[in-house]
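I'm opening a fresh notebook page for this one. I'll write down what I looked up, in the order I looked.

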Amino acid sequence: MKKKTRISKRKSIENLQGVLFTLPVIIGIAVFTYYQAAQSLYYSFFDYNGFSKMDFVGFKNFVNIFTHDKETLVVFGNTFLYAVITVPLGLVLGYLTALLVNNKLKGINIFRALFYLPVVIPAVAAGVLWRDIFNSDYGVMNQIIGVFGLHSRFFEVASSSMPTLIFTTVWGVGGSMVIWLSAFKNIPVELYESAKLDGANAWHRLRYITLPMSTPMIFFNLVTAVIGSLQTMSTMVIMGGGAGSAGKGESNSLYFIVVKIYNDAFGRGGRMGYASAFGWILFIIIGLLTFVLFKSNKWVQYAENN
Amino acid sequence: MKMRIKSLGIVLMAALLLMLPLLSGCRVEPPAPNPGDEYEVRDSEDLDKNAALELSIMTSTDGKERKIVEGLASGFNKEFPNITFKITPLSGNIYESIMGYYNANIMPDIFLNESLTMLTLGAAGTLLDLSPYIKADTANGTFNANDYYENFWRLGQKNWNGGQWMAPRAADQVVISFNKLKMIEAGIDLNPATTKVKNGWTWDDFLEVCAELREHFDNTGRGNLYLADGYLNWEANFNAILSSWGVQYFGEDESLIDSAATRSALNMMKNLVEKKYVASFNASSQANFDGGQGVFLLHSRAASLTADILKEVYKTQIANGTYAIDDIFDVVTFPLIGANPKVGAGVAGYSIASTIDATKRDYAWQFLKYMLSKDGQNNISQSGANYPPMRKDMADPFADGVKWGEGMEKFNLAAYTWASQPGHNYVCPTEFVLKRPAFANDLIFEVSSMIGGYLNSPALIGSTAANSKLNSVISDCKDNLEYWAFAA
């Protein structure tokens, strides 16, 4: 009986220590994230200009988004088109890159570093860089395709700005590559050795070992990529123009949901309440998509399932 | 036991989630809003000249603007020696920055503003209406609003026609800066007696000069270079051009942008780009005037700032005595288009926050009053940016006691005030935004997009594709203008 009490006492101290260690993070998230999120939910029910005007309007902001705002369709269309193309593209390219650098060649770490290096460049700096690379007059890209007699206006015309932007997403494949590399490293070598003994070739090993064993990371990358693509923002502000009403790209071709939220909150006589409502709509959409992804994750092979 | 802990956790979580929205309603109370135009003011004569207090001024991160404020502060201290200034940088979007400072309850006493953002900041109640001071000082004879160009003075007013929300610090209007070396090299006549390039020149004159320059550039291996950095999608430029063509933006309850006048104006602008006279800003192409490659710059930038930039470009030739800066560039008025010509204008200035402490308020006004005085306007020029002064009696840059022309006697600075001189009246602010001032930026953006969309289209003027593009950008612009003006 005494022993039991001693164990539970120790357990309680451990629990307390755990809570104390996590407390700074919990407080940080509560103060700097949840409080603001709750505040934006509160604002979303008001006609709030970001200053002193604050009139309660109920669900009017939410209703107006779908019945009144002619930009809603544009930003949803652009954002989902971007997400639908960049998410699979990023996953496949990242996975292929990881497969390529997942070998024991001499100097392979240099290649890994080179692929990862662009990820550490801030999005705004990357935006400025891409703008110059794709400049129609002096940009490097036109000089390269000029060898084949081609020329493009890239970001300057609506028809080519979205494909150009999607092309630039290749920039970030190093991020998912690193995660996959770590997943590959966790696959037991014995599995490959047994497969080899059973006569499995490289394709079979990829198809029946590497792919199934890395599905948790595929799932993780899929979820984060979906969320990230729906929140596309900073690079667009640079590429699409400036602050305030800009950041939309030529003929609104790069006008994304988060850019609109920013414009409404800070560039249009302060539609802070409306922008907050839009933010919550985006949150709900992301939440629903994430929920659907989690509900349909039967294809993910977790180690404990085996 | 485990179940109880789990239940307790759920209850605590639910309580926290419920509390957050409630807590979020308890935000930090923002400062008291605009006191209106009925507050009490102290007569200038009653103010204690030795009062010791600090005024905070927020200005642009641009070093020149900070120098202007420092120069003004030092001049102001001659009369109020114990007032100190805390100058802080205002980075990025003025509206967004002021929103942050307002909600954090740390508004500056005075801050840099400009005529378009002022409309939205004023409507949000953040700007002090200066009318009581103007009224009091007009009565005691220490201030006269008629000293200033009316066209520019009103750009600091509520909806550009009412209470004073901002004191404009200069009378900026668009001029053309030109590289004299390039002009002479191309054989353009710059003899003052016979040249076309003079104040009041017309659009046809401008096109003739452009044609000669183009031919010279093409013959000297510079076929890919544009002649002018035109900033055609900047409201000060496009609005003047469209207005000169007679374009109407709004009727009573609809947009009138879909008109023959708009088509003509857009085709004229596209023609400039197609002929490689003017680089459209949207095309991210440039003539590189500031790099010493282009010939023209269509902008309101102060001559001293342009001089500083070109001095750097031509520093070797200036150092070895080949050229002086007045051999390198000069300015001329924006060319007059048609029978009803317009020249673009907008102003920057300083506003007093509506939240300012009542004891500081009187001194903040005295500071603005000093900025608008002859000494203050001279002080601005001497701080490194010789913007054309707000005062009508300082129009002549080389008159006695006027310093904005000092050291620039060989420059045609009269170009900067020419359009606002009696009998000219060509100054054209971006007035169509007054249809819905709160959405001024959006209204401007839609027209700018229309211009960018057409000018950037690769289709050549007159082709079916170009006509189709022209119709679609105008139609989109009409819809969008109507949305922002009436529906949003």
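**Domains first**

I began with chain A, where the assignment gives domain 1 (2-43) and domain 2 (69-305); such bounds come from an automatic or database domain assignment. The C-alpha centres of these two domains of chain A are 34 Å apart.

A note to self on the ground rules: this is a predicted model, in which local features need pLDDT of at least 70 and side-chain atom pairs count only at pLDDT 80 or more, while totals for chains, interfaces and linings use all residues. Residues are numbered from 1 along each chain as its sequence is written, and chains are lettered from A and ligands numbered from 1 in the order in which they are written.

Chain B also splits in two: domain 1 (44-171 + 347-417) and domain 2 (175-344). I found 30 Å between their centres, taken over C-alpha atoms. Across the divide, 13 residues of domain 1 of chain B are in contact with 11 residues of domain 2 of chain B. Contact here needs C-beta atoms, placed from the backbone, within 7 Å.

**Chain B as a whole**

I got 18 helices and 12 strands for chain B. These are DSSP runs numbered from the N terminus: helices are H or I with at least four residues, strands are E with at least two. The C-alpha atoms of chain B fill a box of roughly 85 × 65 × 50 Å along the principal axes.

How much of chain B is buried? Buried residues come to 49% of the 488. The scale, again with C-beta atoms placed from the backbone, counts other C-beta atoms within 10 Å of a residue's own: 20 or more is buried, 12 or fewer is exposed, and in between is partly exposed. Of the contacts in chain B between residues at least 6 apart in sequence, 75% join residues at least 24 apart.

**Two covered strands**

I looked at β11(B), residues 348-352, and 5 of its 5 residues are buried. A348(B), Y350(B) and I352(B) point one way, G349(B) and S351(B) the other. What does β11(B) pair with? Strand β3(B), residues 110-114, runs antiparallel to β11(B) with 5 bridges, and L112(B) has Y350(B) as its bridge partner. Strand β4(B), residues 167-168, is also antiparallel to β11(B), with 2 bridges; there P168(B) is partnered by G349(B). Strands count as paired if DSSP finds at least two bridges between them.

Next I checked β8(B), residues 296-299, and both faces are covered: F296(B) and L298(B) on one side, L297(B) and H299(B) on the other, all buried. Strand β5(B), residues 175-179, pairs with β8(B) in the antiparallel sense over 4 bridges, F178(B) being partnered by F296(B). Strand β6(B), residues 228-229, pairs with β8(B) in the parallel sense over 2 bridges, with D229(B) opposite its bridge partner L297(B).

**One residue in chain A**

I ended on F115(A), which sits in helix α4(A), residues 108-116. Is F115(A) buried or exposed? It is buried, because 20 other C-beta atoms lie within 10 Å. Leaving out residues up to four places away in sequence, F115(A) touches T97(A), V101(A), G174(A) and M177(A). G94(A) is 21 residues from F115(A) in sequence and 9.8 Å away in space, C-alpha to C-alpha.

Conventions. Contact = placed C-beta atoms within 7 Å.
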